[in-house]
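I opened a fresh notebook page for this protein and wanted to record what I looked up, in the order in which I looked it up.

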Amino acid sequence: MRTVAVLGGGIGGLATAYYLCKSPQITKVIVLESSSRLGGWLWSTRRSDGAVFEHGPRGIRPAGAVGRNTLNMVEDLGLAAELLPITYSHVAAKNRYLYVKGKLHRMPSGISGLLRTVPPFSRPLLLSVAKEILVKKSKKDDESIHSFVSRRLGQELADIAVDSLCRGVFAGDCRKLSVRSCFPPLYNAEQRRGSLTLGMLLGSGPSPVVVSGPLAQRSLKESWAQWSLKRGVESLPESISDYLQQSGKVELHRDAAVQRICPSAAGWKIHLENGVVSADHIFSALPAKALSSALPSSCQPLIQELQDIATVTVAVVNLEYDGSILPVMGFGHLLPSSEDPALLGVVYDSVPFPEHNRSDGQTTRLTVMMGGAWFQEEFGPPEMVTEERLLERATDAVSFHLGVNSSPCWSLVSVHRDCIPQYYEGHHRRVESMRSFIKKNELPLSLVGACYDGVSVNDVIFSGRTAVQELLEMKH
């Protein structure tokens, strides 16, 4: 392998290039990014007064193999001193709220939360859990998250808690999303142990082996719930691109949109607006639809499957208020779709990360997330909606839900078009079918990024690592 091209300079493409860079078998890596900036959805605004606002992901979870893997990378990049961890005992980790029937409810936690009836629920959660052990296992190879949870834990939990959770994580509709692809541990627990409860207690199957470096060990010892970085999460892609630049192996091209890719004797010819790049192998970290429009017609079955992966658009409104305005302390609150389809949730950014407040005077930073699977029906086409309308909708939500009477002293509205892929029922079959087409036709192509194996930052980084490992093992 001499030259490898990575399409897309978001966190998936950058992570892929980082892992390629580490291999002595690879001599040259070319990263092609269509926009003028690297980092994709990891995007932070840093104001001159020290305030930091996140437009994309905000806290990254250290848990599990994929979480340890990211911390190992953070450490290798020399970012350990920049970390802002939140432990499980922190109020932002303990308190998460649901806004149901016009009221904020703290999500039950701990033993007492399981034993008592905690509004908005009408019976103790322990009853649902106890009955769950006896529910027989499904014969289907996939099902919607809503169907899975109502079958095993009852409709109320599915309608309120799980509906809200899927809006918070995927900005999506739990009645369409796949349990197998969105929450593999739940699906595996039922398949392997016959019950979620037993699966959680006994383990629901093998997870990838990732050795913990010192930082990952520290996160366990100090029981971190999540972490950010002093200058915002965009520091991560920035550090990776600095690392790649310094390696001497990597070319980073911005404003280099891939128009089409054609098979050639050696591998691929990649056509850009102003030139052609040759590569032995391509790692695509592009959104599925963008890759589908660049592939040659000989890849028709693959093109079709790629086009079938849906995405949603999310409006993110960052707000800053003077003073301390929150009626409750916690990470934030989510809304079930029955409460207000347009409004996914509000994150109380100043609670988990007060370090991102401006350096002088007391302020409160909030982020309101809107739209997702409900964007079209609530706001119409994304290109038509005005910032004023989104800002008004967001500030109204803050005043209704949190009883805030003042107006924000600063705000920023972003509309992230097609930012979160939606893994609908049967997603795993689609991905398997794409990868088997690639294998059968011996295409020198690897699929990485949020469209295939998980949408979290950790999953996307790990998908790059896995794809690179698979290529290098094939070459051996």
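The entries below go from the whole chain to its cores and then to single residues.

**Entry 1, the whole chain.** I noted before anything else that this is a predicted model. I then looked up the secondary structure, and found 18 helices and 19 strands in the protein chain. The radius of gyration is 23 Å, close to the 23 Å that the globule rule gives for 476 residues, so I wrote the chain down as being as compact as a globular protein of that length. For the outer dimensions I took the box along the principal axes, which the C-alpha atoms fill at roughly 65 × 55 × 50 Å.

**Entry 2, inside and surface.** I looked up burial next, and 54% of the 476 residues count as buried. Among the contacts with a separation of 6 or more, I found that 73% come from residues 24 or more positions apart. The chain exposes about 20700 Å², and carbon and sulfur atoms supply 53% of that area. I also looked up the charges, of which 50 are positive and 47 negative, and their mean positions lie 7 Å apart.

**Entry 3, the nonpolar cores.** Which residues touch the most other members of the largest nonpolar core? I found M73, L236, I240, L244 and F283, in a core of 43 residues. Helix α1, residues 11–21, gives the most to this core, namely eight residues. I followed L236 further and, not counting residues up to four places away in sequence, listed its contacts as I11, M73, V74, L77, L79, L229 and I461. There is also a second, separate core of 39 residues, and I noted F331, W374, V385 and V404 as being among its members.

**Entry 4, a glutamate in a helix.** I turned to E190, which lies in helix α9, residues 184–193. Is E190 buried or exposed? Its relative accessible area is 1%, and the cut-off for buried is under 20%, so I entered E190 as buried. Leaving aside neighbours within four places in sequence, I found E190 in contact with K136, K137, S138, F148, R151, R152 and S195.

**Entry 5, backbone details.** I looked up the peptide bond between P119 and P120, and it is cis, with omega at about 10 degrees. P120 itself lies in the loop between α4 (110–115) and α5 (125–132).

Two aspartates were next on my list. Phi of D255 is near 50 degrees, a positive value in a residue other than glycine, and D255 has its place in the loop between β9 (250–253) and β10 (258–263). With a relative accessible area of 59%, D255 is exposed. D418 also has a positive phi, near 55 degrees, and is again a residue other than glycine, but I found D418 in strand β18, residues 410–422. At 43% relative accessibility, D418 counts as partly exposed.

**Entry 6, a threonine and an alanine.** Last, I looked up T466, which is found in helix α18, residues 457–475. Its relative accessible area is 25%, and I therefore entered T466 as partly exposed. How many residues apart in sequence are T466 and A216? I found that they are 250 residues apart in sequence and, from C-alpha to C-alpha, 19 Å apart in space.

Key. Residues numbered from 1 in each chain as written. Predicted model: local features only at pLDDT ≥ 70, side-chain atom pairs only at ≥ 80, totals over all residues. Heavy atoms only, no water. Rg over C-alpha atoms; globule rule 2.2 N^0.38 Å. Buried < 20%, exposed > 50% of the residue type's maximum accessible area, 1.4 Å probe, protein only. Contact = heavy atoms within 4.5 Å. Areas by Shrake-Rupley, 256 points an atom, 1.4 Å probe, with all protein chains shown as cover. Lys, Arg positive; Asp, Glu negative; His and termini not counted. Charge placed at Lys NZ, Arg CZ, Asp CG, Glu CD. Core = buried A, V, L, I, M, F, W, Y, C linked by side-chain atoms within 4.5 Å.
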